[in-house]
Amino acid sequence: MTISFEGRVAIITGAGGGLGRAYALELARRGARVVVNDLGGSRDGTGHSDAALKVVEEIEAAGGEALSNGGSVTEYDQMVAMVEQARERWGRVDILINNAGVLRDKSFAKMTPEDFEFVVKVHLIGSANCTKAVWDTMREQNYGRILMTASSTGLYGNFGQANYGAAKLGLAGLTKTLYLEGAKHNIKVNTLAPTAGTRMTEDIFPSEAFKAFSPETVAPAALYLVSEDAPTNAIVGAGAGVFQAAYVTLTQGVHLTGDALSPEGIAAHWAEITDRAGEIVPKSGAEQAMSIMARLQG
Ligand code: NAI
C-alpha cells in the first residue's frame, strides 16, 4: 500500500538542510503541502540565511507546493504566525515535525549555564512552542500527527552533550504526555532518534559512513510516524536504513517491609530490584502506580 500525503499540510522546523530538508522533499513528493521553516543559522545557532527558501524552490521545481518561514522556534509568537501562514494558504495543519536543532558541545565541566540553557531552549522549548502553536488547530480538525526529534544522546547519553541530552530526553517525555492528551482528538505523537550524516555530524563520521547514513535513509521512519496509520507514543531509532524501537521499561522490583525498608534493604535486594526478567513498559505514569498497587495486593 502506498503511503500518500495528498491533501495534508505539514510544517517541518529546521528544514533548510540536513534531515528536515529530506523530510520536506519526500513529503512534498508524496503530495503534502509543506511549510519549510528554518532560521538558517550556523550549527551553534548563530546567524541567519535563506536556507528555507532554497528548499521551497527545490520543492516547487519538482512540481510540489511549499511555503518558506524564517521564524525561530524559540519565539512562540513567530510559531503562532507560522501556523497562521499555513492556515491562510491551505486552511489546515495536519503534520508537525519538530526537527530544528543546534549544538553547543562541551564537557559539563566546561559548559556555561548559557550554553546549557540555549540548547534546551532551541530543542525542548522550541518543540513545545511549535506544538502549542498547532495544538488547537489539530484538536479542532480532529486530526494531527506530531513528531519530536530526540537522539541517542538523550536516550542513552554521550560525553560532551549534557545540554543536548537533557533536551532530547525531555522531548521523549513531552511525547509521552501529549500522546495521552491528544488521543481523543486523533492526534498521534511519536519520537524519532535519527543518526545521519549532516553538518551536525560531519566532523564525527568518516566519509564512507557519512554517505551510508544519508538523511534519505532516515526519512522513511519520519514519514511513517506522521502518516495516517502511524502508531502513537513510539520511540524509533533510524540510521543508514536500520530501524529500531526504544522503550522506557520497568522491572518487577521488590516490595520491602520492616527492617528491609531501609537503605540496607535496598542494598541487599539490589539484584532483585534491577532484575529485568518480566519487565514491563507502562503506557502512562498511572500504570506504574497501578503496578505498585498490584504488588501490594500480592
Ligand atoms: P542540521 O544542522 O542540518 O539541521 C538543523 C536545522 O535546524 C538547521 O537547518 C538550523 O538552521 C535549524 N535551526 C536551528 N535553530 C533554529 C531555530 N531556532 N529556529 C528554526 N530553525 C532552527 O542538522 P540535522 O542533523 O539535520 O538535525 C536535525 C535534527 O535531528 C536536530 O534536532 C538534531 O538534533 C537531530 N539529530 C540529528 C542527528 C544526526 O545524526 N544528524 C542525531 C540525533 C538527532
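Helices of at least four residues and strands of at least two are taken as DSSP runs and numbered from the N terminus. On that basis the predicted model was examined over residues 8–186, where the chain is 52% helix and 13% strand. The C-alpha atoms at the two ends of this stretch are 15 Å apart. UniProt, in an unreviewed entry, lists residues 8–186 as "domain: Ketoreductase".

The ligand was considered next. It is surrounded by 33 residues. The closest are G14, G18, G101, S151 and T198. Two elements, α1 (18–29) and α4, give two or more residues each to this shell. Helix α1 gives the most, with 3 residues. By class, the shell around the ligand holds 20 polar, 10 nonpolar and 3 charged residues.

Helix α1 also packs against a helix. Its partner is α2, residues 51–61. The two axes come within 10 Å and cross at roughly 25 degrees. Angles under 35 degrees count as roughly parallel, and α1 and α2 are therefore roughly parallel to each other. The crossing of α1 past α2 is right-handed. On the α1 side, the contact is formed by R21, A24, L25 and A28. On the α2 side, V55, E58 and I59 meet them. This contact of α1 with α2 comprises 5 nonpolar and 2 charged residues, with no polar ones.

Helix α4 was then followed through two contacts. One is with α3. Helix α3 covers residues 76–90, and α4 covers residues 113–141. Their axes come within 8 Å and cross at roughly 40 degrees. Helices α3 and α4 are therefore oblique to each other. Their crossing is right-handed. From α3, the residues in contact are Y76, M79, V80, M82, V83 and R87. From α4, they are N129, C130, K132, A133, V134 and T137. The contact of α3 with α4 divides into 8 nonpolar, 2 polar and 2 charged residues.

The other contact of α4 is with α6, residues 162–182. The axes of α4 and α6 come within 8 Å and cross at roughly 20 degrees. That angle makes α4 roughly parallel to α6. Helix α4 passes α6 in a right-handed crossing. Helix α4 contributes D115, F116, V119, V120, H123, L124, S127, A128 and T131. Helix α6 contributes A162, N163, Y164, A166, A167, K168, G170, L171, L174 and L178. In this contact of α4 with α6, 12 residues are nonpolar, 5 are polar and 2 are charged.

Two helices thus link the parts of this account. Helix α1 contributes to the shell around the ligand and meets α2 through residues that include A24 and L25. Helix α4 also gives residues to that shell. Helix α4 meets α3 through residues including C130 and V134, and α6 through others, among them F116 and L124.

Key. Residues are numbered from 1 along each chain as its sequence is written. This is a predicted model: local features need pLDDT of at least 70, side-chain atom pairs count only at pLDDT 80 or more; totals for chains, interfaces and linings use all residues. UniProt positions are given in the numbering used here, feature names are shortened, and annotations may be inferred rather than shown by experiment. Axes are lines fitted to C-alpha atoms, for helices over the stretch in contact, and angles run from 0 to 180 degrees between N-to-C directions. Angles under 35 degrees count as roughly parallel, over 145 as roughly antiparallel, 65 to 115 as roughly perpendicular and the rest as oblique. A crossing is left-handed if the near helix is turned anticlockwise from the far one by less than a right angle, and right-handed if clockwise. Two residues are in contact if their C-beta atoms, placed from the backbone, lie within 7 Å. Ala, Val, Leu, Ile, Met, Phe, Trp, Tyr, Cys and Pro count as nonpolar, Asp, Glu, Lys and Arg as charged, and the others, Gly among them, as polar. A residue is near a molecule or strand if its C-beta atom, placed from the backbone, lies within 6 Å of it.
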